[in-house]
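I opened a fresh page for this one and wanted to see how the chain packs, where space is left, and which charged side chains pair up. My entries follow the order in which I looked things up.

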Amino acid sequence: AALLYYDYVAVPRQNRELVEDLKSHFPEEFPPGGGSPGEKEEQAGRELEVPAVDFRSLQSQYPDVRGWLTIQESGIDYPVLQSSPEEPEYYLRRDYRGNYDINGSLFLQADCILGESGNLTIYGHNMNSGAMFGNLDQYVSYDYWKAHPKVFFQTQEGMEEYQIAAVLKADVSMFDFQRTSFQSPQELEAYVAQAKALSLFETGVDGIGCEKTLTLVTCSYEWKQARNILVAVKTGA
């Protein structure tokens, strides 16, 4: 009982407190985005759907932090790390400080380039406690997707809003979620269309005209290489 309490309550709580402490130390005074202080002041009256962080200050202290991922009321509200191609899974069992943590961190696929890659793939553990991407498998329910249809991803460029287009269980041989670049807008749309063809249900969100995609991946256990996958799209609207 003591071990179960430690694994399912104490460790996840410590992890959550560590993340909340990080976010509280880097509050964003103005909405993210815009270049000059004047431009930010013009945006200050705009109410954000999710709290932002002072990302430039955050990254100056923790340079491997590439973004901050939030899905409202899901428990998913974490920094996203990225290490070198030589150690692509460095943050699999480490927190943002580089210390060992059984929960690990959310981390961006090593060959993804912010501002360039058409698809950004983010990985996280499917923790039984619900930490990291432990609640991602709740998206097998249409009602859960309906209540949590948006993903917010903040980077140095600002806050981006994505709409979840597909929820699927697949492995990389069925759906190439590791793909990062596309030769044309039509190839990117085809990536979303393939995800939707495998989706557990119809969302009514498609990839027509999308600028880029965000793909969230965690383990599933129906077969050896199975993954829970969300594909979300960002449009110019």
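These are my notes on the core, the pocket, the cavities and the salt bridges.

**Entry 1: before anything else.** I noted that this is a predicted model, and I kept that in mind throughout.

**Entry 2: the core.** I looked up the largest nonpolar core and found 60 residues in it. Which of them touch the most other members? They turned out to be Leu 69, Ile 122, Leu 214 and Leu 216. I also checked where the core residues come from: strand β6, residues 158-170, gives the largest share, with seven residues.

I then picked Leu 214 and listed its contacts, leaving aside neighbours within four places in sequence. Two of its partners, Leu 69 and Ile 122, were already on my list of core residues that touch the most other members. Leu 214 is also in contact with Asn 119, Leu 120, Val 151, Phe 153 and Tyr 162. Further along the chain, Leu 230, Val 231 and Ala 232 are contacts too.

**Entry 3: one threonine.** I wanted to know about Thr 155, which sits in strand β5, residues 150-155. Is Thr 155 buried or exposed? Its relative accessible area is 7%, so it counts as buried, the cut-off being under 20%. Not counting residues up to four places away in sequence, Thr 155 touches Phe 55, Arg 66, Gly 67 and Leu 114.

**Entry 4: the pocket.** Next I went looking for open space. The largest pocket holds about 410 Å³. I counted 19 residues in its lining, and those closest to the centre are Glu 89, Phe 107, Tyr 123, Val 217 and Arg 227. Strand β7, residues 210-219, gives the most to this lining, with three residues. By class, I wrote down nine nonpolar, seven polar and three charged residues.

**Entry 5: closed spaces.** How many cavities of 30 Å³ or more does the structure hold? I found two. The largest has about 70 Å³ of space. Its lining is made of 13 residues, with Val 19, Tyr 96, Gly 104, Ser 105 and Met 132 closest to the centre. Elements α1 (2-24) and β2 (76-81) each give two or more residues to that lining. The class count is eight nonpolar, three polar and two charged.

The second largest cavity has about 40 Å³. Among the residues lining it are Leu 136, Asp 137, Tyr 139, Lys 169, Leu 200 and Asn 228. Here β6 and β8 are the elements that give two or more residues. I noted eight nonpolar, one polar and two charged residues in this lining.

**Entry 6: salt bridges.** My search of the whole structure gave six salt bridges. I wrote up three of them.

Lys 169, which I had just met in the cavity lining, pairs with Glu 222 at 3.2 Å, N to O. This pair links distant parts of the chain: Lys 169 is in strand β6, Glu 222 is in the loop between β7 and β8 (227-235), and they are 53 residues apart. Glu 222 has a relative accessible area of 47%, so I put it down as partly exposed.

Arg 179 and Glu 187 meet at 2.5 Å, N to O. Arg 179 is partly exposed at 29% relative accessibility, and Glu 187 is partly exposed at 27%.

Last came Glu 202 with Lys 196, their closest N and O atoms being 2.8 Å apart. I have Glu 202 down as exposed because its relative accessible area is 51%, and exposed means over 50%.

Notes
Residues are numbered from 1 along each chain as its sequence is written. This is a predicted model: local features need pLDDT of at least 70, side-chain atom pairs count only at pLDDT 80 or more; totals for chains, interfaces and linings use all residues. Side-chain values use heavy atoms; hydrogens and water are left out. A nonpolar core is a set of buried Ala, Val, Leu, Ile, Met, Phe, Trp, Tyr and Cys residues joined through side-chain atoms within 4.5 Å. Buried means under 20% relative accessible area, exposed over 50%, partly exposed in between (1.4 Å probe, protein chains only). Helices (H or I, at least four residues) and strands (E, at least two) are DSSP runs, numbered from the N terminus. Contact means heavy atoms within 4.5 Å. On a 1 Å grid over the protein atoms alone, a cavity is a set of points where a 1.4 Å probe fits but cannot get out, and a pocket is an open set with protein on both sides within 12 Å along at least five of seven lines; lining residues have an atom within 4 Å of a point. Grid points are joined across faces, edges and corners, and a volume is the space filled by probe spheres set on the points. Ala, Val, Leu, Ile, Met, Phe, Trp, Tyr, Cys and Pro count as nonpolar, Asp, Glu, Lys and Arg as charged, and the others, Gly among them, as polar. A salt bridge is a side-chain nitrogen of Lys or Arg within 4 Å of a carboxyl oxygen of Asp or Glu.
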